[in-house]
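Work through the exercises below with the sequence and the model at hand. Each task is followed by a solution in steps.

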Amino acid sequence: MRASKSWGRGERLALFGLMLAFVGFASYRIHSPGLYMDELLFVPAAMGRHAALQVPYRSWLGIPLMIFPYIGALKAWIYAPIFRPFGVSALTIRLPVILRSCGTLALGYAVVRKILSPAWAIAFTAACVVHPGFVLQTKVDWGPVVLMLFFKALCLYFLVKWLETPRLLSWPFIGAIVACSLGFFDKFNFVWFIVAMVVATAAIYGGEICAKAKTAPKGLSAVMVMAIAAAGAAAVLWFVLPLVALPQIHLISGRFFHFWSIYEASSTGAATAFHWFKRPPPIPLWPGWLASAATAGFLLLTLALYCCQRQARFQIHSRALRFSVWCLIMFIVIFMEIVMTPQAGGPHHTLMLFPIDLLACFAAAFVFANMFPLWGRRAAVACCGIAFLIWAGFQIQGLQSHFCRFSDANFFRGRWSPRVEQLADYLNTNGKQFDAIYCVDWGIGQQMRVLCRRDIRKKLRDIWPIFKAWSAEKPDAETMVKAWFPPQKKTLYLTFTDENSVFPETKRNFSQMNALADNPAQPVTTVPPALGAVYELLSAAE
């Protein structure tokens, strides 16, 4: 039985309440962790070339098009009208992505409501709200991932609506194409989802697509297929393949298990805890693989009951079953694409699998529960509900493990330290006395470029690659020392403490260069103790 098209007041209130809970989770101590380098890649393009003193990777007539070889400027376009009146801060950077993720929740709710029922849609949305990977990675838009998740949910919503319509050409079909195009422009690895969606849709809904094709004018279907295929192939050949290294087949098995562990850690919050905190809290990993295991279990139980007791009153909810298998195929294809992409390697990549794993799981559980008569259905739903509450409890515990550390900046690794804004405030106050400011280690320069005043940004140079590559054995070693330790300038050097260093060799090389310099830098004595616990500031007087 399909859900009513009109949303009841109760389910609207429930969805709104879940969104508020998500906003509360994601915005808790919004300055923690600190603004991360990758999180700020889009900011210079959004600020404008003259304000940021930085040229976008690709632009046209002064309009930024690409901020990185595989990341478009869509996010910069969205944020430009936000930064102009409100400035750049953790609040103006993070609150918009948190609110935009509420749209992702609403779209996911609408999809599940259409396929299953309002009650199951509420349970699915609640599962997303307590998902540590979604909550925590959305907060810092690590990847970035927020627009990817939104356009993925939007595409699924349009595609489900399109499959219900009898016509080939309709507004949901156009909407799905637009969503895929925007998702690809945001970041090229969206092609993982596009390929998986095409494969899964052709495998599960091929009959419906052929029926739609017959309703179209003669020859139009072939032209459309050829045009879409040509556009997709051109995008892959022109944009994606030049950036992707060839997969190493002999490493596939090892990468499979490696990424499965990353997927587990990303789904439970263990991945963010490992990257953010110096001493990560223990977080159980079994909730990370439970959704996939439960999907397989429910589908196998459904098949076994159907085969063994065909004469009984067991019925298969075919619409939900096909939807579950559709999502399962997408999950498998995306996971294998990640495994076979040599450049992939982080939790923000495996988040591409969210919420497809949960969609497959909830649809499979719905199919299993609805096989039984009324009394058996209630018992099956109760068992599923108990399992869900246990899973959700452990996921909330994973969130709590993060929240209890947000109040103390000393828990964070240097590159994620909330004291990065304090460093920017210090430079805005004291930076005017220096002729040049050099960033010695990775993870400092980008933050200072967007958080400091324009007159301070003019003095900043993010030259950590120079210190990382320097060696006393190289013939230009002495020349490099003279170039970056100029006696005629009053220079400030920014780096991390030994405990927080990202590339320890940069710190070692800097120390060696400083010892050889005619004008060696000395530690700044006016640095506040809290700031000095994370960063080292050294100055060389004229």
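**Exercise 1. A loop residue and its contacts**

Leaving aside its neighbours within four places in sequence, which residues is N189 in contact with?

Solution. The model is a predicted one.
- Step 1: Place the residue. N189 is found in the loop that runs between helix 9 (171-186) and helix 10 (191-204).
- Step 2: Apply the contact cut-off, heavy atoms within 4.5 Å. With neighbours within four places in sequence set aside, H349 and M352 are in contact with N189.
- Step 3: Compare sequence and space for one of these contacts. N189 and H349 are separated by 160 residues in sequence, while their C-alpha atoms are 8.6 Å apart.
- Step 4: Classify the accessibility. Buried means under 20% relative accessible area. N189 has 16%, so N189 is buried.

**Exercise 2. The sheet of 3 strands**

Give the strand order of the open sheet of 3 strands and state how its strands pair.

Solution.
- Step 1: The order is 1-2-3, and the pairing is antiparallel.
- Step 2: Find the edges. Strand 1 (58-60) and strand 3 (71-72) each pair on one side only, which makes them the edge strands.
- Step 3: Take the pairing of strand 1 with strand 2. These strands run antiparallel and are joined by 3 bridges. R58 stands opposite M66 of strand 2.
- Step 4: Look at the connection. The hairpin of strand 1 and strand 2 has 2 residues between the strands, and L61 takes a positive phi near 55° there.
- Step 5: Take the other pairing. Strand 2 (residues 63-68) pairs with strand 3 in the antiparallel sense over 2 bridges. M66 has G72 of strand 3 as its bridge partner, and F68 stands opposite I71 of strand 3. Strand 2 and strand 3 also form a hairpin, with 2 residues between them.

**Exercise 3. Packing of two helices**

Describe how helix 6 and helix 18 pack, and classify the residues of the contact.

Solution.
- Step 1: Two packed helices are described by the angle between their axes and the distance between the axes.
- Step 2: For helix 6 (residues 118-129) and helix 18 (residues 356-369), the angle is about 145° and the axes are 11 Å apart. The crossing of helix 6 and helix 18 is right-handed.
- Step 3: List the residues in contact. Helix 6 contributes W120, A123, F124, A127 and C128, and helix 18 contributes L358, L359, F362, A365, F366 and A369.
- Step 4: Sort them by class. The contact of helix 6 with helix 18 has 11 nonpolar residues, with no polar and no charged ones.

**Exercise 4. Salt bridges**

How many salt bridges does a search of the whole structure find? Compare the burial of the partners in three of them, K75 with D141, R322 with E208 and D498 with K507.

Solution.
- Step 1: The search of the whole structure finds 12 salt bridges.
- Step 2: In the pair of K75 and D141, the closest N and O atoms are 2.4 Å apart. K75 lies in helix 4 (residues 74-86) and D141 in the loop between helix 7 (132-140) and helix 8 (146-164), so this salt bridge ties together parts 66 residues apart in sequence. K75 is buried at a relative accessible area of 6%, and D141 is buried at 4% relative accessibility.
- Step 3: For R322 and E208, the closest N and O atoms are 2.6 Å apart. R322 belongs to helix 16 (residues 318-340) and E208 to helix 11 (residues 206-215), so the pair ties together parts that are 114 residues apart in sequence. R322 is partly exposed, at 29%, and E208 is partly exposed, at 25%.
- Step 4: For D498 and K507, the closest N and O atoms are 2.7 Å apart. D498 counts as exposed at 62% relative accessibility, whereas K507 counts as buried at 8%.
- Step 5: Note a network as well. Salt bridges link K114, E164 and R319.

**Exercise 5. The sheet of 5 strands**

Which strands stand at the edges of the open sheet of 5 strands?

Solution.
- Step 1: The strand order is 5-4-6-8-7, with mixed pairing.
- Step 2: Strand 5 (460-462) and strand 7 (522-523) stand at the edges; each has a single partner strand, so one side of each is left without a neighbour in the sheet.
- Step 3: Strand 4 (residues 436-439) and strand 6 (residues 491-496) pair in the parallel sense over 4 bridges. C439 has L494 of strand 6 as its bridge partner.
- Step 4: Helix 20 (residues 420-430) packs on this sheet and touches strand 4, strand 6 and strand 8 (535-540). The direction of helix 20 makes about 20° with that of strand 8.

Conventions: Residues are numbered from 1 along each chain as its sequence is written. This is a predicted model: local features need pLDDT of at least 70, side-chain atom pairs count only at pLDDT 80 or more; totals for chains, interfaces and linings use all residues. Side-chain values use heavy atoms; hydrogens and water are left out. Two strands pair if DSSP finds at least two bridges between them. Axes are lines fitted to C-alpha atoms, for helices over the stretch in contact, and angles run from 0 to 180 degrees between N-to-C directions. A crossing is left-handed if the near helix is turned anticlockwise from the far one by less than a right angle, and right-handed if clockwise. Ala, Val, Leu, Ile, Met, Phe, Trp, Tyr, Cys and Pro count as nonpolar, Asp, Glu, Lys and Arg as charged, and the others, Gly among them, as polar. A salt bridge is a side-chain nitrogen of Lys or Arg within 4 Å of a carboxyl oxygen of Asp or Glu. Buried means under 20% relative accessible area, exposed over 50%, partly exposed in between (1.4 Å probe, protein chains only).
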